[in-house]
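These are my notebook entries on a structure that I had not looked at before. I wanted to look up the ligand and its surroundings, and then a few points of backbone geometry.

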Amino acid sequence: MKIALVGIGKIALDQHVPALAASDDWELAATVSRSGRVEGVEHWQDLGAMLEARPDIRVISLCLPPVPRFEAAMQALQAGRFVMLEKPPGATLGECHLLRETADRLRLGAFATWHSREAAMVAPAKAWLADKTIRRGHITWREDVRKWHPGQDWVFEPGGMGVFDPGINALSILTEILPVPVRLTGAALEFPENRQAPIAAKLRLTNAITADFDWRQEGPQTWHIEIETDQGGLALHDGGARLKIDGAATSPAPDALAGEYPRLYRRMAELVRAGRSDMDLRPMTLVADAFLLGTRQITDAFHF
Ligand code: NAP
């Protein structure tokens with residue numbers, strides 16, 4: 001199937017282009033970006049012009065930041081295309097609901113991707129937890145924003161989500177592996193005095209689950225989820241690449257994180273063939289609720 005990539009920036013080049021190149025399902029037929037390019041691939045600066053000129057491209061994968069993504073996704077759906085959305089699937093829940101409704105009404109599909117759910121040990125963690133009672137849990141998601149988003153000021157603008165840009169990855173794993181629904185009960189957000197989005201957040205959820213997100217961690221990065229149950233404990237390390245049950249490591253998968261985007265594109269191919277959407281908004285709902293319920297503290301200015 002032919003696909004076009006929109007928004008040729010960091011994640012498009014790091015992950016989407018290699019995953020498409022390695023896939024038997026997909027042919028990268030065009031890109032749309034104001035300045036980004038992929039060597040050897042037909043390039044457009046205007047999405048509307050590409051959609052009109054290339055009716056043979058049925059699927060549009062949107063790698064734009066969340067704020068500009070909605071208009072582009074709606075334009076693609078209204079032009080009769082399936083859409084694949086980077087995480088988070090929109091800047092607001094309202095946008096996401098509207099995209100889903102539009103895709104359904106037009107008998108197309110919208111896929112809200114959560115790449116961290118595709119980390120190799122997430123499915124085994126979910127299987128292990130399936131018949132257990134959750135006693136408590138803790139998420140530690142601390143990384144260096146300068147390393148992962150160099151110079152990307154949009155992450156601190158309204159709609160950029162701040163530290164929830166990575167934190168939503170942890171919440172996407174949590175909501176996938178738990179056998180029960182969780183709800184946010186409290187949050188404390190830290191905003192740099194010169195920015196519009198938080199640089200750190202502490203969350204409280206039901207089932208005695210807490211989370212600590214911080215974007216100021218230099219040196220080794222920490223992406224851990226620990227869950228205690230009535231029958232022992234589980235720890236997912238390195239963003240879902242490694243799994244420990246009761247302190248003992250399970251055998252590591254060879255494609256631990258490298259398999260994330262290939263698995264997302266395999267799923268997108270299934271959705272297009274079936275004419276369906278997949279839009280799970282639970283991670284985004286927890287983030288929205290943290291902004292609704294959270295206390296706010298002003299902290300030191302942040303400069304890239
Ligand atoms: P990015 O490099 O800053 O942006 C992607 C491209 O979107 C840019 O190169 C730019 O291309 C276009 N763009 C940026 N701002 C725009 C605007 N206001 N209006 C129109 N086009 C705009 O961002 P990214 O890091 O790839 O992240 C994109 C999405 O992927 C985000 O939702 C992020 O959460 C997700 N993601 C990122 C990472 C990561 O490691 N960075 C990992 C996983 C997921 P042109 O200037 O050429 O138009």
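Before counting anything, I noted that helices (H or I, at least four residues) and strands (E, at least two) are DSSP runs, numbered from the N terminus. I also kept in mind that this is a predicted model.

Entry one, the shell. I looked up which residues surround the ligand and found 25 of them, of which I11, S33, R34, S35 and D165 come nearest. Sorted by class, the shell holds eleven nonpolar residues, eight polar ones and six charged ones.

Entry two, polar contacts. I found an oxygen atom of the ligand 2.8 Å from a polar side-chain atom of W154, and an oxygen atom of the ligand 3.0 Å from a side-chain N or O atom of Q152. For I8 the backbone takes part, since one of its N or O atoms lies 3.3 Å from a ligand oxygen. I then checked the cover: on its own the ligand has 880 Å² of accessible area, and the protein covers 80% of this.

Entry three, the site. The ligand takes up the space of the largest pocket. Looking for the elements that give two or more residues to the shell around the ligand, I listed α1 (10-21) and α3 (66-78). Which element gives the most to this shell? I found that α3 does, with three residues. Turning to domains, I saw that domain 1 (2-112) and domain 2 (116-253 + 287-299) both give residues to the shell, and therefore the ligand lies between them.

Entry four, the backbone. I came across a cis peptide bond between K87 and P88, with omega about -15°, and I placed P88 in the loop that runs between β5 (82-85) and α4 (93-105). I also noted R107, a residue other than glycine with a positive phi, near 55°; R107 sits in the loop between α4 and β6 (110-112).

How values were computed. Residues numbered from 1 in each chain as written. Predicted model: local features only at pLDDT ≥ 70, side-chain atom pairs only at ≥ 80, totals over all residues. Heavy atoms only, no water. Near = heavy atom within 4 Å. Polar contact = N/O pair within 3.5 Å; in protein donor to acceptor, adjacent residues only side chain to side chain. Areas by Shrake-Rupley, 256 points an atom, 1.4 Å probe, with all protein chains shown as cover. 1 Å grid on protein atoms, 1.4 Å probe; cavity = no way out; pocket = protein on both sides within 12 Å on 5 of 7 lines; lining within 4 Å. Sits in = over half its atoms within 2 Å of the grid points. Nonpolar A, V, L, I, M, F, W, Y, C, P; charged D, E, K, R; others polar. Domains from an automatic or database assignment.
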